[in-house]
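I opened my notebook with a plain plan. I look at the whole chain, then at a few residues.

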Amino acid sequence: MSRGMFSFSLPTPAQIFQDISDWVKTQGLWWATSVTAHAVVLSTVLLLMGTVVGPLIDDTAPRFESVKTEIPEPEPIESFDVG
């Protein structure tokens, strides 16, 4: 049976290790420097933002003097016809 025009094989563990090793040697230093620099800058900005204080909010409820009134007694219902 024919395999067709495409053939694909998985890399061996030695090839994977070699590829990772090459990447670390060529790109790893720049990635590590970038991650460190961004972490330092973002941490500094967030720490400085924490020291900025907005205006204080007065969250006390207003106090009013109540007026003392007497509530009259309701009139009793004597007869109530429905309809």
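**Entry 1: the whole chain**

I started by counting secondary structure, and I found 1 helix and 0 strands in the protein. I note that this is a predicted model.

Next I looked up the overall spread. The radius of gyration of the protein is 40 Å, whereas a compact globule of 83 residues would have one near 12 Å. I also fitted a box along the principal axes, and the C-alpha atoms fill roughly 105 × 55 × 20 Å.

How many of the residues count as buried? I got 1% of the 83 residues. The exposed area of the protein is about 9,400 Å². Carbon and sulfur atoms supply 66% of that area.

**Entry 2: charges**

I looked up 4 positive and 10 negative charges in the protein. I then took the mean position of each kind, and the two means lie 32 Å apart.

**Entry 3: the helix and its patch**

Helix α1 covers residues 13-51, and Trp31 is found in it. Is Trp31 buried or exposed? I call Trp31 exposed because its relative accessible area is 54%, and exposed means over 50%.

Which residues make the nonpolar surface patch? I listed Ile16, Ile20, Trp23, Val24, Trp30 and Trp31. The patch they make is about 710 Å².

**Entry 4: before the helix**

I moved to Thr12, which lies in the segment before α1. Thr12 has a relative accessible area of 40%, so I wrote it down as partly exposed. That label is for values between the buried limit of 20% and the exposed limit of 50%.

I then checked a distance from Thr12 to Thr69. These two are 57 residues apart along the chain, and their C-alpha atoms are separated by 92 Å.

**Entry 5: after the helix**

Where is Val53? I placed Val53 in the segment after α1. Its relative accessible area is 69%, so Val53 is exposed. I paired Val53 with Asp81, 28 residues apart along the chain. Their C-alpha atoms are separated by 68 Å.

Pro55 also lies in the segment after α1. I marked Pro55 as exposed because its relative accessible area is 75%. For a distance, I took Pro55 and Ala14. They are 41 residues apart along the chain, with 62 Å between their C-alpha atoms.

**Entry 6: summing up**

I close with two values to remember. The protein has 1 helix and 0 strands, and its radius of gyration is 40 Å.

Notes. Residues are numbered from 1 along each chain as its sequence is written. This is a predicted model: local features need pLDDT of at least 70, side-chain atom pairs count only at pLDDT 80 or more; totals for chains, interfaces and linings use all residues. Side-chain values use heavy atoms; hydrogens and water are left out. Patches are made of residues with over 30% relative accessible area and no salt bridge: like charges are joined within 9 Å, nonpolar side chains (Val, Leu, Ile, Met, Phe, Trp, Tyr) within 5 Å. Accessible areas come from the Shrake-Rupley method with a 1.4 Å probe; for residues, only the protein chains shown count as cover. A salt bridge is a side-chain nitrogen of Lys or Arg within 4 Å of a carboxyl oxygen of Asp or Glu. Helices (H or I, at least four residues) and strands (E, at least two) are DSSP runs, numbered from the N terminus. Buried means under 20% relative accessible area, exposed over 50%, partly exposed in between (1.4 Å probe, protein chains only). The radius of gyration is taken over C-alpha atoms; the globule rule is 2.2 Å times the number of residues to the power 0.38. Lys and Arg count as positive and Asp and Glu as negative; His and the chain ends are not counted. The place of a charge is taken as NZ of Lys, CZ of Arg, CG of Asp or CD of Glu.
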